[in-house]
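Biologist: I am new to this structure and would like a close look at one part of it, namely its surface, together with the side chains that lie beside or beneath it. Please take me through it slowly and in connected steps.

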Amino acid sequence: PRVSGVYKIDENVSFFAGFSDTSTPNNGAMDSNGVVLPDRATEIKEIGFKGDLWDQKLFATLSLFENVRTNLVVPDVINIGASESSGEITAKGIDLDVGIQVTENLELIGGVSTMSNTITDDTRPERIGLGFRAIPDFTASAFARYDFADDSGLEGLSLGLGFIHEGERWGEANNRFLTPSYTKLDFMLWY
C-alpha cells in the first residue's frame, strides 16, 4: 500500500507526508542450498515542507525520511556463487533541495542529503549495528542551466554545468574499509 497527502499551509507553503510498503521479487536469487530467497520488502516514511516564493522563482523542499529494507540480496562470502538475504537495513536522513530562477534564462538548483544506514537485523548477528555497504553518508549537488534567448541567434540552445559530490561509504559488508568520497563534474548541452 501507498498513502500520501499534502496540506497547503498557505498559498506558498505545503506540508507533505507519505508512507509506502512494497515487495519486489529477488529474481530467482538462491542461497547455498538452492533455496530461492524471499522477496525484498521496502517500507518508506517521509514528511516535509515545500515552498514556492517570488512567483515561483524560488523553491525549496525539506524532508525527513526513514527507509527500512528487508531481504536484500548480497553475495555469500563463504559459499562463492551463492547469495544470502541481508536481513534488515534502516536508513534515516534529511534532504534539502533549493532552486532559483535568477533571470528568464538562468536557473540554479542545489541539494544536500545526509543519511545514516544501519543493519538492524541480519542472518549473521555480528553484522547488526554495522553500516550497509555502498551507500554514501552525504551527497551534495549543484547545477546551473542557461537557456539562450530567442533573439540571441542561438535560439533553442541551452548550456549546463553542475557537480555531484558523494561522501564516504563502506566498501564491504563487514565494514573493514571505506571507499573514498568523490566529486563528479558534468557539462550539458541541449539543442
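Modeller: Strands, as I shall name them here, are DSSP runs of at least two E residues, and they are numbered from the N terminus. Please keep in mind throughout that this is a predicted model.

Let us begin with a loop. Between strand S2 (13-24) and strand S3 (40-53) there is a loop that holds Asn27, and this residue has a positive phi of about 50° although it is not a glycine. Most residues other than glycine have a negative phi. Asn27 is also exposed, because its relative accessibility is 72% and the cut-off for that word is over 50%. A second residue of this kind is Ala134, which is not a glycine either and whose phi is positive, near 70°. Ala134 sits in the loop between S8 and strand S9 (138-147), and with a relative accessible area of 44% it is described as partly exposed.

From the loop after S2 we can follow the chain into S3, where Ile47 is found. Ile47 leads us to the nonpolar part of the surface, since it joins Leu62, Leu64, Ile94, Leu96, Val98, Val112 and Phe138 in a patch of about 600 Å². Two elements, strand S4 (58-70) and S7, each give two or more residues to this nonpolar patch, and S7 provides the largest share, with three residues. Ile47 has a relative accessible area of 41% and is thus partly exposed; patch members need over 30% relative accessible area, so Ile47 meets that requirement.

S4 has another side to show, for it also contains Ser63. At 4% relative accessibility Ser63 is buried, and its side chain is joined to the side chain of Glu46 by a polar contact of 3.2 Å. A similar arrangement can be seen in strand S6 (residues 83-85), where Ser85 is located. Ser85 is buried at 10% relative accessibility, and its side chain reaches the side chain of Asn71 through a polar contact of 3.1 Å.

Charged side chains give a further layer to the picture. For a salt bridge, a side-chain nitrogen of Lys or Arg must come within 4 Å of a carboxyl oxygen of Asp or Glu, and by this rule the model has nine salt bridges. Glu43 and Lys45 form one of them, with their closest N and O atoms 3.6 Å apart. Both partners are partly exposed, Glu43 with a relative accessible area of 26% and Lys45 with 37%. This pair does not stand alone, as Glu43, Lys45, Glu66 and Lys92 are linked in a network of salt bridges. Patches are made of residues that have no salt bridge, so Lys45, which is paired with Glu43, is not a candidate for a charged patch under that rule.

Two other pairs are worth following on the structure. Arg176 and Glu172 meet through their side chains in a salt bridge of 3.1 Å, N to O, and here the two partners fall on opposite sides of the exposure scale: Arg176 is exposed, with a relative accessible area of 64%, whereas Glu172 is buried, with 14%. Asp186 pairs with Lys184, the closest N and O atoms being 4.0 Å apart. In that pair Asp186 is partly exposed at 22% relative accessibility, and Lys184 is partly exposed at 40%.

There is also a negative patch on the surface, formed by Glu104, Asp150, Asp151 and Glu155. Glu104 belongs to the loop between strand S7 (88-101) and strand S8 (106-121), and it is exposed, with a relative accessible area of 75%.

I would end at strand S1 (residues 2-8), in which Val6 is found. Although its side chain is nonpolar, Val6 is exposed, at 64% relative accessibility. Val6 and Ser32 are 26 residues apart in sequence, and their C-alpha atoms are 46 Å apart in space.

Methods:
Residues are numbered from 1 along each chain as its sequence is written. This is a predicted model: local features need pLDDT of at least 70, side-chain atom pairs count only at pLDDT 80 or more; totals for chains, interfaces and linings use all residues. Side-chain values use heavy atoms; hydrogens and water are left out. Patches are made of residues with over 30% relative accessible area and no salt bridge: like charges are joined within 9 Å, nonpolar side chains (Val, Leu, Ile, Met, Phe, Trp, Tyr) within 5 Å. Accessible areas come from the Shrake-Rupley method with a 1.4 Å probe; for residues, only the protein chains shown count as cover. Lys and Arg count as positive and Asp and Glu as negative; His and the chain ends are not counted. The place of a charge is taken as NZ of Lys, CZ of Arg, CG of Asp or CD of Glu. Helices (H or I, at least four residues) and strands (E, at least two) are DSSP runs, numbered from the N terminus. Buried means under 20% relative accessible area, exposed over 50%, partly exposed in between (1.4 Å probe, protein chains only). A polar contact is a pair of N or O atoms within 3.5 Å; within protein, one must be able to donate a hydrogen and the other to accept it, and residues adjacent in sequence count only if both atoms are side-chain atoms.
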